[in-house]
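Trainee: I would like a close look at one part of this fold. Please take me through how its pieces pack.

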Amino acid sequence: MVDSDAALTWTSRLDPAAGPRYLQIVAQLERAVATGLLRPGDRLPPQRRLAEHLAVDLTTVTRAFGEARERGLIDAVTGRGSFISARQEQAGPPLDLSMTIPPAPKGLRLGELMQRGIAEILARSDADQLMNYHGGAGSLAERAAGAAWLAPLMGVVQPQRIAVVPGAQTGLNALLSLLAQPGDTILTEALTYPGLIGAARQRGLAMVPVASDADGPLPDALDEAANRSEARLFALTPTLQNPTCITIPERRRRDLVAVARKRDLILIEDDPYSLLAGDAPVPLAVLAPERTWHVATLSKVLTPGLRTAFVVMPEGMDGVPFLAALRATALMPAPLMTALAAHWIRIGTAKDLLEGVRREAAERQSLARGILPATMQGHPYALHVWQPLPAHWARNSLMERAREAGLGVMAADAFSTGGGAPDAIRIALGAIPERARLTEALGLLAGLIRDGG
């Protein structure tokens with residue numbers, strides 16, 4: 001590791017005619033990393049010392065270090081200083097537009113938030129107990145945190161109706177295990193979350209797609225499909241649907257609930273994005289609390305590593321059978337991550353993270369709308385967009401060309417629950433950390449779409 005004295009060798013005199021001095025410092029850092037003069041893990045000199053060495057004021061260096069962090073060049077560790085990032089991306093491909101994850105919010109240091117949060121938890125908790133087995137649906141405090149998190153959407157929810165689960169996928173697996181037997185039929189949207197498709201297939205369930213329009217599943221189509229298939233379950237994502245970004249309006253939701261009551265359908269509402277969207281209509285779990293299982297994960301809107309989700313059980317439901325199905329799927333959520341998630345909700349950090357992700361998502365949606373073809377479907381705060389392809393492209397041909405260009409995207413086939421898939425792709429906006437690299441990836445993809453097959 002280069003010490004702080006030797007680390008000054010990457011610097012050179014700043015040119016008053018070469019533009020903003022803070023950007024000149026960033027450019028020198030980039031060159032030093034590119035040439036190997038500075039390597040991942042090398043410590044940079046203190047900001048005040050660098051300012052004296054370069055004959056600039058401290059705010060110039062502070063601004064330069066902030067810009068370098070934005071570009072992923074350096075990391076700051078409280079009490080230790082700044083270091084060349086060990087997460088340096090290699091130039092060029094692959095550029096991942098396939099994984100839907102929340103982008104890191106600008107201005108919030110996730111590592112520091114984790115360190116402080118865990119320290120605060122350990123200051124008032126027994127570490128041995130945190131590392132022990134935890135049964136049940138979560139502690140009352142953790143379930144109350146879930147109720148508080150969902151309150152902006154659902155109003156008052158009794159904590160006793162909430163189960164804390166290790167991620168939405170685990171919750172969906174447990175629900176299908178509880179509510180359906182191998183060979184049963186489940187009604188779904190024609191295009192839906194691949195995790196639900198995988199869970200249903202693993203369970204041996206037949207999936208029957210419900211025809212949709214621009215507002216989501218059609219009530220008459222749901223009625224007909226339920227009557228024809230004798231299905232008991234209808235699973236859907238009403239807000240910022242994955243992959244199409246469709247949000248079902250309230251009138252349509254009420255009509256779907258009316259059909260569910262008529263046909264005595266149980267509803268599984270997979271709802272990772274309502275709080276992120278900010279303009280979501282009332283959840284199905286509020287419109288039909290007696291028959292809706294509501295699954296809300298933190299992983300899709302805060303950070304994947306939390307692996308914490310809340311399942312709201314229908315009113316009057318005995319939770320014991322669901323907890324038994326959950327234990328057979330995954331014994332328990334990780335206690336430390338669950339404690340951290342609940343702590344962040346209580347002290348407001350989770351809300352700050354959500355707002356940060358929302359701001360970053362808005363920037364990325366704006367980038368996508370300015371680069372991709374006008375047929376793109378998105379939402380101001382969505383983490384992905386849906387891109388129908390022009391007539392000169394077949395989706396599989398585009399996928400092959402995208403892979404050759406080092407781009408990862410997902411074709412409609414991954415989301416199809418039956419019949420043919422449309423010629424369209426889902427483009428995720430959160431997996432590439434830097435906006436500049438995202439702009440590069442979207443530009444490459446837009447060029448491929450325009451060029452033809």
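Is the crossing of α2 and α3 left-handed or right-handed?

Mentor: The crossing of α2 and α3 is right-handed (the near helix is turned clockwise from the far one by less than a right angle; anticlockwise would be left-handed). Bear in mind that the model is predicted, with pLDDT of at least 70 needed for local features and 80 or more for side-chain atom pairs, while totals for chains, interfaces and linings use all residues. Residues are numbered from 1 along each chain as its sequence is written, and side-chain values use heavy atoms, without hydrogens or water.

Now find the two helices. Helix α2 covers residues 47–54, and helix α3 covers residues 58–70 (DSSP runs, numbered from the N terminus: H or I of at least four residues for helices, E of at least two for strands). They pack at an angle of about 115°, and their axes lie 8 Å apart (lines fitted to C-alpha atoms, for helices over the stretch in contact; angles run from 0 to 180 degrees between N-to-C directions).

Look at who meets whom. From α2 come Gln47, Arg48, Leu50 and Ala51. Facing them in α3 are Leu58, Val61, Thr62 and Phe65 (contact is heavy atoms within 4.5 Å). By class, this contact of α2 with α3 has 5 nonpolar, 2 polar and 1 charged residues (Ala, Val, Leu, Ile, Met, Phe, Trp, Tyr, Cys and Pro are nonpolar; Asp, Glu, Lys and Arg charged; the others, Gly among them, polar).

Next, compare how helices meet the sheet. The open sheet has 7 strands, in the order β4-β12-β11-β10-β9-β5-β6. Pairing in this sheet is mixed (a pair needs at least two DSSP bridges). At the edges sit β4 (162–165) and β6 (206–210), each pairing on one side only. From one strand to the next, the twist averages 20°.

Zoom in on one strand pair. Strand β10 spans residues 266–270, and strand β11 spans residues 292–297. They run parallel, joined over 4 bridges. Find Glu269 here: it stands opposite His294 in β11.

Two helices lie across this sheet. Helix α7 (residues 168–179) lies across β4, β5, β9, β10, β11 and β12. Its direction is at about 160° to β11. Helix α9 (residues 219–229) lies across β5, β6 and β9. This helix, α9, runs at about 155° to the edge strand β6. Strands β5 and β9 appear in both lists: α7 lies across them, and so does α9.
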